[in-house]
Amino acid sequence: MKATNVGIEAIEIYFPKTYVNQAELELFDNVSQGKYTVGLGQVNMAFVRPFEDVNTMALTVVTNLLEKYQINPALIGRLEVGTESLLDKSKSTKTTLMRLFGENTNIEGVTSINACYGGTNALFNTINWMQSEAWDGRLGLVVCTDIAVYAKGSARTTGGAGAVAMLIAPNATFTLEPIRTTYMKDNYDFYKPNFHSEYPTVDGQLSIQSYLSSIDNCIQSYFRKNNNVNADFYCFHSPFHKMVQKSFLRVKLNESFVQKVETGFTFQNFNEKQSQMLKFYQNDWLNKALPSCLLSRELGNIYTGALYAGLVSLIQTQDDLINKRIMMFSYGSGCAASLFFLRCNKSTGVLKQKLKLQERLQQRIRIPCIEYDHIMQQREINYNKNNQQYQPKQVDLYPGTFYLKSIDDKYRREYLVHKQFELNQTSDMIVVDNSKPINKIQQIRDQMTNNNSITDQSTQQSQKQYNQLWTGFYKKTIQQRLDQLEKTMNVNVEPFKDGGLSLQNANLMVENCIGKISYPLGLGLNFMINGQCYSVPMAIEEPSVIAAASAAAKTISEAGTGFQTYSSRPVMMGQIQLLDIQNFSKVECLIDSNRQTIINRGNQACQSMVKRGGGLEDVKCRNLGRGQGSVDIFVNVCDSMGANLVNTILEFVAPLIAEITGTRVGIKILTNLCTNRKVTCQFCLDIDKMNYKQLTGKEVAKLMMEAYQFAELDIYRAVTHNKGIINGIEAVCNAAGQDARAVNASLHGYASINGQYKPLSSYKIVDNKFIGELTVPISVGTQGGVLPQNPLYSQILSILDYPDSQKLAEIIVSVGLASNFAALRALAVEGIQKGHMTLHARNIAIASGIPEHLVDEAVLFMKNRNSFNKQTALEFLKAYNIFYEIGKAKGKQMKAFCTFSGSFDLIDTQEKVDLHVVFECDQNKINLNYADDSPINRQIFGLKGQEWLKNLFSVLNTVKINREAELYKSNNLTSKLKLLAILINLLSFNMLSLDFDRSKNFILNQKPCLGGAVSLKYGLSLMNELIHIFEYNIDQFIGFPELRQALMAELNNIILAHIKSFELLQQAKQGQFSCDEFLCTRQKRLSCTMMLLCDCISLKNFSPSIIEEIKLLGRVIEIQMTLTRDTQKWNKSTLSEPNVYTYWLIANQKLILGENREILASFYNEHNKLLLSLIQELEQKITPQLSHLKDQAMNAIQLFYKPRL
């Protein structure tokens, strides 16, 4: 059985998460600008750390391929590996990969070795197998995995690392055309003869000549077999980008040669004419070759996988490759080369989607050059050593990456998986075997990582328990918080009470000491950093910073996996200024040639640091121009901040520098811009889980991105953006005894390091993920400095689990990123002032004299009124004092309380009445505002809103006992009592409507309201408090006992009348009617008598005899208004709501005739008899002082209610 149309069905690539920037390498290596980025054409270079090798990369890339396309491992019949990065001279990487295939041990193939050609040889072998009689119907896998490393020097920049896996199948996406050509020759251009080193021996010129000769021979040989050398795209083996460009031009030269096309370019003038050739073939270069260079420029040379990384790049950069022909040129030193063509037969959209190349590139971590240099040094030292143990951090690797756990004494390597993938459950690939794919590879992986998965579950559970421990921490008293700190973290809390610093120590620390000054110290909660839970001490006087950072950390742990961090080693840089330089090149050469002497001299000044693994590590020289230079020394300061140590070394080596260079030495000082001591912190959130303040996650993410872009575009905004970061960073620095000034200087310097001040953090959205990142140079220490002077610092480090300097820096930067995220979210969604002023209200409350136990309530009071000032705080205090005095007078025990407020503009009165009420409630605390249109407001107050009240007061203002009388302007007592009476009237009626039995029991018996709706409990409690306030104001401010008694009696009459009206309605449903009694109760709903009695307060000459006239006048107005109101409002309603006209119609069995004008006239005639008798009685008794009110009342009724007749 032979397969047809065999080729590459699917492809996957893996590259390390770490890389170094080539432009930064140019500066670090002190070479001319552009040597690596222009001369070689490289952008970045991937490299591995000690816990990754070619086996881990191969294991990862194969696993990813099988999982993404849901390939059953049992379907693999051949697996061949190409690599030149040997870990063992006998055991092949292929055998290591067999652990992925479980019981499937019948898999042909081993490892092919010949420099960078091994991957192509593995591909040809696998295709040959599939096209042979030996093929058993299963699929093939080809794996290319390599790590390219070079000795220190200019060649090192052509390194790289990565692995490619290809699924080989019949009827494939990319089929190999049958004609191909190969060129092989015995060369020593690149080889690795030294078994004690992984570095190659390279003849650069010969290597380039050999490469180009291979192209010449392959193209010309291919043309003799097939004269069609045209291609839609070109892929080349890529040792560096400019070699690809050179190769493309060489192909074009050969094409013109074999096709006998005259271009003016020849093999003889090729080297001189390359720039002209590039212009001549520019269109083809840009459109056909350059698109394959994406990964080679980002990763560097990945040896056997380099050619196939070019194919991956084409898939990524092109919309689709279907029906395209691709020239593939493979080269391996020594030398071996092949040229072949791929034909794309299927859409590559699915492959592009599964690769997610851009997202993975963006997730990488850029490593500082000095850190990279140190890693390479350690790699060289540890090469081929046994008894090694490795434990990467969570941020070090992509999820699902295999890593090297250990090398035992017999050189056996143990591999584990960093974290499990979230598997895709669907497949877009048609597999030869039609049986349902099973995820056996995951079962195998689970066996390898069972310890890891248990650890992950345990971590998640620990996080949940840890967060629960601190839930409600802000609600506790300071003493309760300290008690919790002492019990849960075994911390000595005594230094927290006074700041820990004695006056004696303060006097020793600074000159002319006169005392101490303190900062508030709080805990930032909910931080999950690299899988570990933290409560982070923060010292800052600005409100909202700690709360905002805690809230952001909670979001980041719940909508993502917390913060992932990476920090470079604690290397600080010091500078020695050189002056009067005549020849910088000579000075530079002298420094470089005496580098080790300078290092040895410097380390004599810090021998204790050297013993701890630190000390002076490197020396470089920079030309500053104008006859000046800087000798930069790089010192590993271990767990110290490092300033004193670096300055000591500088002073110690300066005379030697002057002697060596023959120049004049100027100042000697460390730099706070510690670019070699950086921390990167990142989080990744599921946008669908970012909901905030009634906005969806997508809306929040969009607004935050717009706000971030503002800072990207504008320096003024960028400064304030960075201040949000520094809020968090400086707060932790203050708490942990760090030099916050040095940190701030470094941050601002780094923000403008490229010549323009920019935001320190960055945000982006990738595949419905919101990613935030902060990379900053930061120097902190956990040893030395001021730490021994204050016992509080040691307790704070204890809370942080005694971190080393790197871990402390990572914690600090995580808090900075959380603070920035919180500020950006607040700005974008609700405005910074809302959250900030809410917390600033605490300062206002304290300054206003609010007692400590009431500060939180006062803050809530101001927040719900959106009024943050001393006046509002004092209004709360006044309301509370009334509540307290009333409760005390009635012998009540104080319980939890809520608040109610309203600001009422009374039309035509030129008055504004503000009500601020504290009322008792056993339910959850709420804050009611009359102006709100919330569901609970509508249940409590009905639909009687601000406009209704304004209109009512407008009408009432036309009916005054004495228009000339002056009101008590100082406290608006008349209007305030009227407003209270109306609200009490409204609440009592609404609560009886909502739940008659419970409300009646509460009103008559003053018994707690058990059961019922929540709004009923709040409403009754508020009504009760308003009654107490009404009574309190009468007792305090009205000097006439008779008037006080009349006002309270009328208020009671109103409430009792409501109860009676509902009882009469219940009796009416049973056929028992009393129309006159119902009218008497119903009329109190309009409380005209109460309004007139309130007006009596303003009379200059009050006489008790006027009260009876007021009551009679009020009754007349109430009846007239009730008759007009209830007929006007009638709309064939039932007995569900009290209405005089409805009641009369039902009593007379005429409900369906309510619209009849004769029936309506009959209703008025019957009640007018009562009304006329009362008016006659009123005219006999009323004094001239009140006689005008009757006519005014009639006008008011006509104004407020339109009569039905």
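**Backbone geometry, helices and salt bridges in the predicted model**

Tyr 303 is buried, its relative accessible area being 1%. The structure described here is a predicted model, and Tyr 303 occupies the loop between helix H10 (294-299) and helix H11 (306-317). Although Tyr 303 is not a glycine, its phi is positive, at about 55°. A positive phi also occurs at Tyr 802, where the value is near 45° in a residue other than glycine. Tyr 802 is placed in the loop between helix H27 (791-799) and helix H28 (805-829). With a relative accessible area of 58%, Tyr 802 is exposed, whereas Tyr 303 is buried. A further backbone feature is the cis peptide bond that leads from Gly 334 to Cys 335, with omega near 0°. Cys 335 belongs to the loop between strand E13 (325-332) and strand E14 (336-344).

Helix H3 comprises 15 residues, and the distance from its first C-alpha to its last is 21 Å, close to the 21 Å expected at 1.5 Å a residue. Because 15 of the 15 residues of H3 are buried, this helix is largely enclosed by the rest of the structure. At the start of H3, Asp 53 places a side-chain oxygen within 2.9 Å of the backbone nitrogen of Asn 55. Just after the helix, Gln 70 adopts a positive phi of about 50°.

Asp 53 also takes part in a salt bridge with Arg 413, in which the N to O distance between the side chains is 2.7 Å. This pair connects distant parts of the chain: Arg 413 lies in strand E18 (residues 413-417), Asp 53 lies in the loop between strand E3 (44-46) and helix H3 (54-68), and the two are 360 residues apart. Asp 53 has a relative accessible area of 4%, under the 20% limit, and is therefore buried. Arg 413, by contrast, is partly exposed, with a relative accessible area of 28%.

By the distance rule applied, the model contains 38 salt bridges. Side chains of opposite charge can pair when their charged atoms come close. One of the salt bridges joins the side chains of Lys 405 and Glu 414, at an N to O distance of 4.0 Å. Lys 405 is partly exposed at 29% relative accessibility, and Glu 414 is partly exposed at 34%. Another salt bridge is formed by Glu 1077 and Lys 1060, whose closest N and O atoms are 3.6 Å apart. Glu 1077 is in helix H38 (residues 1075-1082) and Lys 1060 is in helix H37 (residues 1041-1069), so this pair ties together parts that are 17 residues apart in sequence. Both partners count as partly exposed, Glu 1077 at 33% relative accessibility and Lys 1060 at 27%. In addition, Lys 252, Glu 255, Asp 284 and Lys 288 are joined into one network by salt bridges that share partners.

Helix H25 (residues 715-735) has 21 residues, which at 1.5 Å a residue should span 30 Å; the C-alpha atoms at its ends are 30 Å apart, in agreement with that expectation. H25 nevertheless has a bend of about 30° at Ile 725. The N-terminal end of H25 is capped by Asp 714, a side-chain oxygen of which lies 3.3 Å from the backbone nitrogen of Tyr 716. After the helix comes Gly 737, with a positive phi near 75°. Ile 715, Tyr 716 and Val 719 make a nonpolar surface patch of about 320 Å². Ile 715 is a residue of H25 and counts as partly exposed at 40% relative accessibility.

A contact between parts of the chain that are separated in sequence involves Ala 549 and Gly 816: these residues are 267 residues apart along the chain, and their C-alpha atoms are separated by 8.2 Å. Ala 549 is located in helix H19 (residues 545-558). With a relative accessibility of 0%, Ala 549 counts as buried.

How values were computed
Residues numbered from 1 in each chain as written. Predicted model: local features only at pLDDT ≥ 70, side-chain atom pairs only at ≥ 80, totals over all residues. Heavy atoms only, no water. Helix = DSSP H or I, 4+ residues; strand = E, 2+ residues; numbered from the N terminus. Expected span 1.5 Å × (residues − 1). Bend = angle between axes of the 7 residues up to and from the residue. Polar contact = N/O pair within 3.5 Å; in protein donor to acceptor, adjacent residues only side chain to side chain. Patch = residues over 30% accessible without salt bridge, like charges linked within 9 Å, V, L, I, M, F, W, Y side chains within 5 Å. Areas by Shrake-Rupley, 256 points an atom, 1.4 Å probe, with all protein chains shown as cover. Buried < 20%, exposed > 50% of the residue type's maximum accessible area, 1.4 Å probe, protein only.
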